[in-house]
Amino acid sequence: MARTEIRLGGLGGQGVIKSAVIIGEAASIHDGKEAVQTASYGPESRGSACKAEVIISDAPIDYPLVLTPHVMVALSNDAFHKYKEDLSKEAIVIIDSDLVKAGKIKAGVRLYQVPAATTAHQVLKNPLVTNVVMLGAFTAISKAVTPEAMRKAIANAFPKYKELNLRAFDEGMQLGHKAMEQSTTKK
Amino acid sequence: MQKAVLTGERFTQGDIAAAEGALAAGCRFFAGYPITPATEIAERMAYRLPRIGGRYIQMEDEIASCTAVVGASYAGVKSMTATSGPGVSLMNETIGLAVMTETPMVLVNVMRGGPSTGQPTEASQSDIMQAKWGSHGDYEIIALIPSSVQEMFDLTIQAFNLSERFRVPAFVLADEIIGHMRERLVIPPEDEIEIVNRKKPTVPPEEYLPFKAEEDLVPPMATFGEGYHFYATGLTHDERGYPVMDEEAQLALVPRLCDKIRKNADKITRAENTETEDAEILLVAYGGEARTALRAVKDARANGIKIGLFRPISVWPFPKEQLKEAAANAQHVVVAELNYGQLVGEVERVIRNEVPVHLIPRVCGTPHTPDELMKEIRRRIN
Amino acid sequence: MDRLVVISGIGCTGRASGYFAADSYHTTHGRAIAFASGVKVANPDLKPVVISGDGDLFAIGGNHFIHAARRNVDMLVLCVNNFNYGMTGGQMGPTTPDSAITVTSPDGNIEHPFNLVSVAAASGAVFVARWTALHARRLTKSIEKALQKKGFKFIEVISPCPTLYDRYNRYGSGLDVMKKYREISVIRNFTDPMKAEIDYRTRIVCGEFVDTEKPEFTDLLAQQSDRLQKR
């Protein structure tokens, strides 16, 4: 894996940037790879489409911005439609099926649907951990980072709510495995 | 109690790395005013400084922030402010005062698009000339440009060291890309970090002349409260520090203020070469844009193109000698910068029509992609 | 004396800092208070005294004045008010009285002037006084008192400008102006600063108007920092 480009999209306030930072920390500090995380810092901070991106590589990363994402995680309809155009040919797209209605997507792209919001709400009793459920699914499906590294980064990111978030991550991993079993490559 | 030097590895933002670099360098005073995209530095300092016995103050504007930093430095504390272009515009008055009264201090400018309010959240490198010529009068200044989160940390320490060494304000000229992105930052153990402190007077107060330079053109610096009872002014002054309005005083002062940097340039300038030995095309890029350039060079080399990258790390003073050396075999020199042509002028002064110097400007708020940059290079060379 | 730092801005009074056998600094126009804030916060053992003029402190430096007073940063600010910009040749400024003649108000000033003690009190100064250049003894006493006190202290000193302002407005020689001060000034301690009249022709209310206690900024910073360092 030379260079993996990851894009996370959602609404401001859904923890999109925080999720990207967790992935970056997991890769660069705990997996010992190189990682760069960037975000578009628009004037909007709550409620409109926003994205954050991570590049993971075995070698030092020169150009720090994402060009053609290999993985996209979408937490909102707007973000899904706004950010799916420049995906790479065989990109992995993971959507929260409770929040995103999958529309048309490029041929070759593998789409995985994960009911993260419902799981956060019903199983974990806290809608705030939806993004961490998605991080679990992302880890299981993309294999861009190891689950061990992600667990360490999540524990660091939420010192007060470590247990809850680690449970959310584990639930997400399971949903991710399930989604892979059900997945079909779009023709 | 928190530690001043947070030795270890962390995944963090360029702005945070600059704040941690300042603390590691011994900075214990920060005055600032909120401005995108540099606010994270102030936020970090507001959190960190009181926890390690330092002081943070949010001033009423950037003029006050910069002036408070000069006051704090004269009170004997290593001091810093952080801002963006519009803030530097206001600080320039005081930067002149700091130059004139030979004040060690560090300014971080996380550059955004201008003129005026411009593009607050977008990347730019359009304050390169402002850093050099922003205040009125003849003077020299130091400006370092980081290309990574790690360099935000390292160069902030170096800016403090150079500023203390030469008693001159030093800029860390970051762009929004480097300021806001996150990467791994490795903070070494405290005893492995080289720290330079200002020269102190070695004579008793009655013999002390506050602006009498030593051989290196830098005068030792007493600070307030040490009993030296000295005077400093923004007016032209003699070695005693008192205003003197004659020709000799100006002649003794202004050339020295410039020459202490010009004649010590070999100790200040720094640059990095990548694949320049046999380069027929020499690409010059710095800061965030240098990351694009590096990738473009690697891709082009893979296609057999003899191209190399010269990355100035100090832009002021400009690394002239290093550039001459890197351009030794070049038939074309190409400058890519996130502005409408600023550092290209310095490059032209060094290359002197010996080979063509091409400019690839960009003012839209993002760096070139490597492909875009390569396409622009080809267009200019063919 | 080792703890004293005398700081001034630009103008006729700006040179004052050079006359002290103490640590002293002559800043750019209007910035003395911002500089003093940096000095005091960086090293709270120091005692900054700012000496400057009305234009320096209340026009170009007005923002620094109100905010340092609001924060209650420990410093003494002495404003020599001569009602015009003297150093540059007698232009109107923020304290120039109504209808007064200056070179930039040749047909009479139409701007409303600041009442400086009122500005200082409203901004939060813990000590506010006004004297004229005639009241040398009382002024000295107020300065001594202010130096013993912690916080942002302000003393206005009404001063003649015989070469410019007083000449344009036909107030006579420096001595004539001092005589006028004796004639029209009244001492009214603890007058409401809002009502502390200042009319160069009819009445100048002098005295100590505010003398109160309030937590000082660098003390608060130190308390907060000490608490956080113990964590």
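**View 1. The largest nonpolar core of this predicted model holds 248 residues.** Seven residues stand out here for having the most contacts inside the core: Ile94(A) and Ala137(A) from chain A, together with Val108(B), Ile142(B), Leu173(B), Leu283(B) and Val335(B) from chain B. In chain B, domain 1 (8–192) and domain 2 (272–381) both contribute residues to this core, so the core lies between them.

**View 2. Here we zoom in on Ile94(A) and its contacts.** Setting aside neighbours within four places in sequence, Ile94(A) is in contact with Val73(A), Tyr112(A), Val114(A) and Met134(A), and also with Ala137(A), Phe138(A) and Ile141(A). You may recognise Ala137(A) from the previous view, where Ala137(A) and Ile94(A) are both among the residues with the most contacts inside the core.

**View 3. A second core, separate from the one above, is made of six residues.** Among them are Ala100(C), Cys161(C), Leu164(C) and Tyr200(C).

**View 4. This view shows how the chains touch one another.** Two pairs of chains touch, and the pair formed by chains B and C has the most contacts. Chains A and C are not joined by any contact, and their closest C-alpha atoms are 17 Å apart.

**View 5. Chain A meets chain B through 15 residues of chain A and 18 residues of chain B.** On the chain A side, helix H1 (16–30) and strand E2 (34–39) each supply at least two residues. H1(A) gives the largest share of that side, with five residues. By type, the chain A residues that touch chain B are eight nonpolar, five polar and two charged.

Terms used. Residues numbered from 1 in each chain as written. Chains lettered and ligands numbered in written order. Predicted model: local features only at pLDDT ≥ 70, side-chain atom pairs only at ≥ 80, totals over all residues. Core = buried A, V, L, I, M, F, W, Y, C linked by C-beta atoms within 7 Å. Buried ≥ 20, exposed ≤ 12 C-beta atoms within 10 Å, placed from the backbone. Domains from an automatic or database assignment. Contact = placed C-beta atoms within 7 Å. Helix = DSSP H or I, 4+ residues; strand = E, 2+ residues; numbered from the N terminus. Nonpolar A, V, L, I, M, F, W, Y, C, P; charged D, E, K, R; others polar.
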